[in-house]
Amino acid sequence: MTRDPVTDAGRFAVLISGRGSNMLSLVNAARAGRIPALPAVVIANVAGAQGLHAARDLGVPTAVVEHQASANRREHDGKVLEVLREHDADLVCLAGYMRLLSPAFIAAYPGRILNIHPSLLPAFPGPDAQRQALEHGVKISGCTVHFVDEQLDHGPVVAQAAVPVKDDDDEDLLSARILEAEHRLYAEVLRRYYLGHLVVSGRRVRIQEPADE
Ligand code: GRF
């Protein structure tokens, strides 16, 4: 794990494509000392991503690596990897990043890429997970933080939070309720990651309690 040369803390990067509320929740949790690591850089693949302004306001370094400027996924990912290296990031957190990662990207950060998804995976992968949950009629949905592999919303599950689906929910109401849970869950997973509490064995990830150590 890369450590910050000055503070000896881990350094996480957040990749976004839009609003960036999960990114903000991670940055704020780190700043408040709830995650023992520093936000190294926020990278967006869309120049107008709303979250970029918020990150800049908080003094977090930002970069834009537009995917349209590259001929293919591998080339784009190569540019993103360069930025991650420039900022000494040791963990990559996808947060509303609307791109599949190339095998070369995943190989560059083995076991060190996380994503958050607004459903209880493996139910409702892909876009519009909250709409899929409503259309299917489930009574409980939620969110999942998982390690990223080459398939969409597929890698080992680290943690999940359940959220009730109410009879009068629409997509916005359900999304807002799940989002609150996302903000809590992602920050808690990063805290545990940097405390060294995640134990990965194949697809199974155990969160070790300090008493287990
Ligand atoms: C979240 O619901 C996240 O789970 C999904 O995309 C949304 C991003 O929201 N992958 P935000 O940009 O973090 O506000």
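Which polar backbone atom is 2.9 Å from an oxygen atom of the ligand? In this predicted model, the atom belongs to Asn 22, and the first close-up shows the setting.

**View 1. The ligand and the residues around it.** Let's start where the ligand sits: Arg 19, Gly 20, Ser 21, Asn 22, Gly 96, Ile 116, His 117, Pro 118 and Glu 182 surround the ligand. A backbone N or O atom of Gly 20 comes to 2.8 Å from a ligand oxygen. Ser 21 contributes a polar side-chain atom, 2.5 Å from an oxygen atom of the ligand. For Asn 22, the partner of the ligand oxygen is a polar backbone atom at 2.9 Å. Taken on its own, the ligand has 360 Å² of accessible area, and the protein covers 86% of that.

**View 2. Helix α3 and its two faces.** Here we look at α3, which runs over residues 73-86. With 14 residues at 1.5 Å a residue, the helix should span 20 Å, and this agrees with the 20 Å between its end C-alpha atoms. The buried residues of α3 are His 76, Asp 77, Val 80, Leu 81, Val 83 and Leu 84. They lie on the same side of α3, because the arc they cover around the axis is only 160 degrees. Turned away from that buried side is a face carrying the exposed residues Arg 74, Glu 82, Arg 85 and Glu 86. What do the buried residues of α3 pack against? Their partners are the strands β1 (10-16), β2 (37-44), β3 (62-64) and β4 (91-94), together with helix α4 (103-108).

**View 3. The two ends of α3.** At the N-terminal end of α3, Asn 72 acts as a cap, with a side-chain oxygen 3.3 Å from the backbone nitrogen of Arg 74. Just after the helix comes Asp 88, whose phi is positive, at about 55 degrees.

**View 4. Ala 29 in helix α1.** Ala 29 belongs to helix α1, residues 21-31. Is Ala 29 buried or exposed? Its relative accessible area is 1%, so Ala 29 is buried. Beyond its neighbours within four places in sequence, Ala 29 is in contact with Arg 34, Ile 35 and Ala 187. Arg 184 also belongs in this view: 155 residues separate Ala 29 from Arg 184 in sequence, while their C-alpha atoms are 9.4 Å apart in space.

**View 5. His 117 and its partner Asp 153.** We return to one of the residues surrounding the ligand, His 117, which is part of strand β5 (residues 113-117). His 117 has a relative accessible area of 4% and is therefore buried. Its side chain makes a polar contact of 3.4 Å with the side chain of Asp 153. Apart from residues up to four places away in sequence, His 117 touches Phe 124, Pro 125, Gly 126, Ala 129, Gly 142, Cys 143, Thr 144 and Asp 153. Asp 153 lies in the loop between β6 (140-147) and β7 (157-164). At 13% relative accessibility, Asp 153 counts as buried too. Its phi is near 50 degrees, a positive value in a residue other than glycine.

**View 6. Backbone details in the loop between β5 and α5.** Two residues are picked out here, and the loop between β5 and α5 (129-136) holds Pro 122 as well as Asp 128. Leu 121 and Pro 122 are joined by a cis peptide bond, with omega at about 10 degrees. Asp 128, another residue other than glycine with a positive phi, has a value near 60 degrees. Its relative accessibility is 37%, so Asp 128 counts as partly exposed.

Technical notes
Residues are numbered from 1 along each chain as its sequence is written. This is a predicted model: local features need pLDDT of at least 70, side-chain atom pairs count only at pLDDT 80 or more; totals for chains, interfaces and linings use all residues. Side-chain values use heavy atoms; hydrogens and water are left out. Helices (H or I, at least four residues) and strands (E, at least two) are DSSP runs, numbered from the N terminus. The expected span of a helix is 1.5 Å times one less than its number of residues. Buried means under 20% relative accessible area, exposed over 50%, partly exposed in between (1.4 Å probe, protein chains only). The arc is that of the directions from the helix axis to the C-beta atoms. Contact means heavy atoms within 4.5 Å. A polar contact is a pair of N or O atoms within 3.5 Å; within protein, one must be able to donate a hydrogen and the other to accept it, and residues adjacent in sequence count only if both atoms are side-chain atoms. A residue is near a molecule or strand if one of its heavy atoms lies within 4 Å of it. Accessible areas come from the Shrake-Rupley method with a 1.4 Å probe; for residues, only the protein chains shown count as cover.
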